[in-house]
Structures are given as C-alpha cells and as structure tokens.
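Biologist: I'm new to this one. Could you take me through a single part of it, the largest pocket, and tell me what lines that pocket?

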Amino acid sequence: PRPSFAGALAAGRGMALKRLAPDAEAELEQVKKLKALNPKAEVLRSPAVTALLTTIRDKKTSQVKYVAAADRLMNILAEEGLARLATETTVETPCGQCAGLASPDGGKICAVDIIRSGGILLEAVRKLCPDLKTAKILIQRDEAAGAVARHYYTKLPDGIKECQVILCDPMLATGGSALMAIEQLTKPEVGVKEENILFLNVVSCPEGMQALAQKAPGVQILTAAVDESLDEHKFIVPGLGDFGDRYYGTSGYKEGLWGTDGR
C-alpha cells in the first residue's frame, strides 16, 4: 500500500536526522579539540566562510578574485567580531517585544592592526564602525633568525586603556607577532587588559593557538580556520601562502607561486 503523507514525512525526518547526526558529532569533536588547544578560541563555520576560504586558498586564484574574496571574508569576520562585543537588549517591534543584541559603541572600541596585512582586516572593521579608534603596530618576522618576531613601531591612541580592543592580523602561525603586539598593549604604561582583547584572524594553526593559550590566556580569538600545522619554514599548512603578497600583488604572481591574473 502507498504510505500516507504523514508516514512519508516522518520517514524523511528520520533520514535527515541520520544524515545530521554524524555531522553534529564531528562538529562537537572539533570544538573539543579547539578548546583543548585554546579555551578562548572560536572558529566561524558557515558555507559562506568555507566558499570564500576555498577561493583564497586556491593557488590558481588570480589577484582580482583573491582580493574580492578576501574583502568579502574580512567583512564577515568584522561583523562577527563586532557582534562578540554586543550587549543583550530588548526592542519593541510593531507587533510586540523581541530579545536581541545591541551593537557596541564605536567610541569605546580600538581596532589595532599588525602592519601590513592586518590593515586589510582593520579597514573592514572600520567601515562597519567608523567612529572607532585605530592603532598601528609594526612587527616583522626575521626569517634569517628562524622567523623570530621583531618589534619596530607602535602608535596607540589616548584612552586605549578604557577600550575594547580588536587586534587584526590575517595569519596566526607561531603566535610570535600576535604575542608581541599583545605585550605592547598590556604593558603597564598602556594598561589594556588581556580580557579586553579580541584577536581576529583568517587562518590559524595549533602551534599559534597553544602559544596564546600559554602566554596570553585572557585573549579571545575568533578565526575562520584552524589548519593542520606549521612546516619547517614556519608557514601554515595547508594555509594559503603569503596573505599580504597575494592581496597587494607584492610578489609570487610573476614567479608562478599563485594565479597570474593575466600578467
């Protein structure tokens, strides 16, 4: 006999639950692994994030497509980062009351970028929140010394001690640059508390996550991906190459390391 509509619907629901159950279990396991690396870390998961990450990871991606996808991903990260600073509220709709979140006050936020690639993410945050304060920290990896981070310059606004700080840098590899930036922000004469720092980044790895958990345990991290590991040159694997070089076109295109965009 032909099954009833209700019976077919119930069977369909059962099949859907069977398909979803392994995914839910896998996601729960990923969360457990992440919290073991760094209890303050969170990974953004959505089809949009995955699609944009796939584009900027692909070594065939041209500079035009890389910049477009990177900017879209920065916007998502910026929105989600600001949402982590939101406060609970209740609003009156035309039909009743609704609980929600109130966007943070831009005057109480300072976005700090680790020059140069951090500026890409900072600009995405600033476009959404034009009245926030901004700051710059120049830290570069000394490749000849084994990728050791070296600090060269810091410019911070007055009153940063009272702000929620959004630290921006697309890549979290060894954690050396991020930790040096956090050190600049939390030293006594500056006075930012670790608990008031949110670190936004695109791709991270276990080594960097653990480094921040050990040396800056109060800092919250929001990332789009946690990759497998670092290679012998301290680059993230599988990663995406050099984020800044691909975005700004500094190098790598003519050398054939990634898409040439017709050049």
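Modeller: Here's a walk around the largest pocket. First, this is a predicted model, where local features need pLDDT of at least 70 and side-chain atom pairs count only at pLDDT 80 or more, while totals for chains, interfaces and linings use all residues. Residues are numbered from 1 along each chain as its sequence is written, and side-chain values use heavy atoms, with hydrogens and water left out. The chain averages a pLDDT of 90 (that's the predictor's confidence in each residue, from 0 to 100).

Now the pocket: on a 1 Å grid over the protein atoms alone, it's an open set of points where a 1.4 Å probe fits, with protein on both sides within 12 Å along at least five of seven lines. Its volume, the space filled by probe spheres set on the points, is about 740 Å³. There are 30 lining residues (those with an atom within 4 Å of a point), and Arg-141, Asp-169, Met-171, Ser-177 and Asp-242 are the closest to the centre.

Helices (H or I, at least four residues) and strands (E, at least two) are DSSP runs, numbered from the N terminus. Strand E5 gives the most to this lining, with 4 residues. Other elements that each supply at least two include strand E8 (171-172), helix H5 (176-186) and strand E12 (236-237). By class, the lining has 15 nonpolar residues (Ala, Val, Leu, Ile, Met, Phe, Trp, Tyr, Cys and Pro), 6 charged (Asp, Glu, Lys and Arg) and 9 polar (the others, Gly among them).
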